[in-house]
Structures are given as C-alpha cells and as structure tokens.
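Let's walk through this model together, one neighbourhood at a time. Keep the viewer open and follow along as each residue comes up.

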Amino acid sequence: MFALVHHPDYVAPAPTRSAYQWNKNGLVRNLLVESGAAIDWHAPEPMPARWIEAVHDPAYVAEVLEARVPIAKERRIGFAVTPVVARRAVAVPGGTYLAARLALERGFAANSAGGSHHALADTGAGYCVFNDLAITAVRLVEEGVGQVLIVDCDVHQGDGTAALTAGRPGIATYSIHAEKNFPARKARSTLDVPLPDGVGDDDYLRALANTLTPMIDQFRPDLILYQAGVDPFGGDRLGRLNLSAEGLIARERLIALLAIERGLPLAATLGGGYGTDALEVAQRHATSILTLGAAFENHSFSADTHFSSWGRRDRRLDRAH
C-alpha cells in the first residue's frame, strides 16, 4: 500500500475562457480508485500563508488569497483567480508538503496535483499559481530534513522552481525538457538537460540516466521531490518530445530505481499533461503514479526505521569505506 494525497479542492470548476483541463485531477482520482490498487488516501491541510511567503512575495500571496490578482498576472497564469481557484492554490502545496512528509516515513508518496514549476516570486505563469515544489523544499530544509533534490521531468523547463530556489542552501534542481518549448526564456537549474524536438524513448532514457545518476550521487539528497509531468509523451498537445506510453513507464521505473537503490524517499507530484481527450491525459498520470507506487511496493525496507534515516545510515557507511 502506498500513500496518495488528494483534496476535494483540487477539482475546481473551470474559470471562464480557460484552456486548462480543470477536471484532470478528479479523473486521475477516479482512475486510481477504479484501478483496485492498495492506496492509503490522505487529505492535506491548506498551506499556511507564512510558508508560502517564504518563497513568494507577500503582496502576491495576498492577491491570490483575496482573489484580486491583476488581469496582467492572470493572463500569465492562463486563467482567472477566483475564490475557488484561490482555495485550490493553497490546497495543492499543502498536498505536496504532506506527500513529502509521508515519503520520509514510508519511502514513497504522491500528490494527485502539484508540480506547479512555472510560478515565480511575484506572479504565477503557465497554469501555475504558487510553486508547490519550491515552497515544500524550502519548508523541509527549514525543518531540518537536510538536502532536497527537485527532479523535474516535465517537457517544459522548471524555470520558476530554479529561480525561486537559486542560492538557497540544501536545495538542488534538475530539469530535463524540450529545449525549444515554453518558457522562451529559461532559468538556470543546478543541472539542465535540454533536448531537441522529437527525442524518443531510447535517447531520452539514456540522457536521463547519464545525467541524473551522477547528480544524485554527487548531491546526496535526503529526499527527492519529483515533478512527474507526462507531457514528454509524443501525442501531448503541448509537448515537443516523442516518448511512447511504454517510454513514460520506463522513465518512472528508472526514477524509482535510482531512489530505491540509494535508500532515498521520493515524493511525486502530477506535473503537466495536455490533450483534447481529458480521460487519456488522466490515464497517463494515473499510470505514472501506479508505476512509481508499484516499484516501491516491490521493495521491502525495515518497518521500524524511517526511510530517510535508512538512507542517511547507508551514506555514512559509504563514507566510512
């Protein structure tokens, strides 16, 4: 059984003139329920404003919470920030934080939303209001978790996450993405792996393994926050890469294996996925979560030891040798 975080506020009615698929999170939830997988469901608390303000400008946080975001910023986000959207905006980072805490105890947990990697300090962007990845990483480091590695496999670069965590001790960022895709102006992650248009399964998986493996071993994180966007899929409406459904599954197995072999807890967020068939997109996300969960369920760890402690003990033994 693996832990899955979901909140009813993730499923918000679509604001007017919005191209974002607002029913995606509900469809993902339904598919996971129907899968018959052994899932331990959790509901998060809303993220406290002061935790969000550790990453975002307080003036922007107030604009969102009070549903008075200027039109120019709403255009950058891609939809209007209504009171319902504002509630969702604080539920999602609360879910990512809870997933991270559960992963530290159990080895793996997922949030059925999140991965809002384009949100910047004073504005949202690219369908992202608050940056749940940056907020969670900063909070965990402040709470003494140690080092957090944000691994972003969305087809779009994690520009907001890179910008918001740059220079902060204990946090590193990795982004593998389509070089010519949104955003036009890229930020600088700790490690960026830009790929040309049309890259398929073999080249993608080779690039991922050859770059992420040494980064994990060099940075030696205590937790991986994973942005598991499924938009590298060849049929994605906003993607420029060409992964197959099997390639996405292989990606999740690789990410899981890299964490499991090193005793590292992993918390996954939904990330991007777009298409005209909402159910098809939701199925990609559900398959991603189920693949990650199955990988961790197939490995047993000491029940009386926190997963993160197991990982740290392993690294101490490595250094001793």
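A good place to start is Cys128: its sulfur lies 16 Å from the closest cysteine sulfur, that of Cys153, which is too far for a bond. Seen from the other end, Cys153 has its closest cysteine sulfur in Cys128, again at 16 Å and too far for a bond. A disulfide here is a pair of cysteine sulfur atoms within 2.5 Å, and the structure holds zero of them. Cys128 is buried, with a relative accessible area of 5%, and Cys153 is buried too, at 0%. For these labels, buried means under 20% relative accessible area, exposed means over 50%, and partly exposed is in between, using a 1.4 Å probe and protein chains only.

Before going further, a word on where the values come from. This is a predicted model, in which local features need pLDDT of at least 70 and side-chain atom pairs count only at pLDDT 80 or more, while totals for chains, interfaces and linings use all residues. Residues are numbered from 1 along each chain as its sequence is written, and side-chain values use heavy atoms, with hydrogens and water left out.

Now for the interior. A nonpolar core is a set of buried Ala, Val, Leu, Ile, Met, Phe, Trp, Tyr and Cys residues joined through side-chain atoms within 4.5 Å. The largest such core has 51 residues, and those with the most contacts inside it are Val151, Ile176, Tyr204, Leu208, Leu212, Tyr226 and Leu266. Helix α8, residues 201–219, gives the most to this core, with eight residues. Helices (H or I, at least four residues) and strands (E, at least two) are DSSP runs, numbered from the N terminus. A second, separate core of 46 residues includes Trp22, Val61, Val64 and Phe79.

What does Leu208 touch, leaving aside its neighbours within four places in sequence? Its partners are Cys153, Tyr174, Ile176, Thr213, Arg251, Leu254 and Ile255, where contact means heavy atoms within 4.5 Å. Cys153, our starting cysteine, is thus one of the residues that meet Leu208. Arg206 also sits in helix α8, but it is partly exposed, with a relative accessible area of 45%.

Helix α3, residues 58–65, has Tyr60, Val61, Glu63 and Val64 as its buried residues. Seen down the axis of α3, they fall within an arc of 160°, so they line one face of the helix; the arc is that of the directions from the helix axis to the C-beta atoms. These buried residues pack against α2 (49–52), α4 (71–77) and α5 (83–106).

Next, find Thr173 in strand β5, residues 171–178. Thr173 is buried, at 5% relative accessibility, and beyond its neighbours within four places in sequence its contacts include Leu149, Ile150, Thr161, Ser189 and Met215. Thr173 also helps line the second largest cavity, together with Ile150, Asp152, Gly158, Thr161, Tyr174, Ser175 and Ser189. On a 1 Å grid over the protein atoms alone, a cavity is a set of points where a 1.4 Å probe fits but cannot get out, and lining residues have an atom within 4 Å of a point. The structure holds two cavities of 30 Å³ or more, and the second largest has a volume of about 40 Å³; grid points are joined across faces, edges and corners, and a volume is the space filled by probe spheres set on the points. The largest share of this lining, three residues, comes from β5.

Strand β6, residues 191–195, holds Pro194. Pro194 is partly exposed at 41% relative accessibility, and apart from its neighbours within four places in sequence it is in contact with His177 and Glu179.

Finally, some backbone details. Most residues other than glycine have a negative phi, and most peptide bonds are trans. A cis peptide bond joins Phe182 and Pro183, with omega about 0°, and Pro183 is found in the loop between β5 and β6. Tyr127 has a positive phi of about 70° and lies in the loop between β3 (108–111) and α6 (132–142). Just after α3, Ala67 takes a positive phi of about 55°. Arg220 also has a positive phi of about 55°; Arg220 is found in the loop between α8 and β7 (223–227) and is partly exposed, with a relative accessible area of 28%.

Conventions: On a 1 Å grid over the protein atoms alone, a cavity is a set of points where a 1.4 Å probe fits but cannot get out, and a pocket is an open set with protein on both sides within 12 Å along at least five of seven lines; lining residues have an atom within 4 Å of a point.
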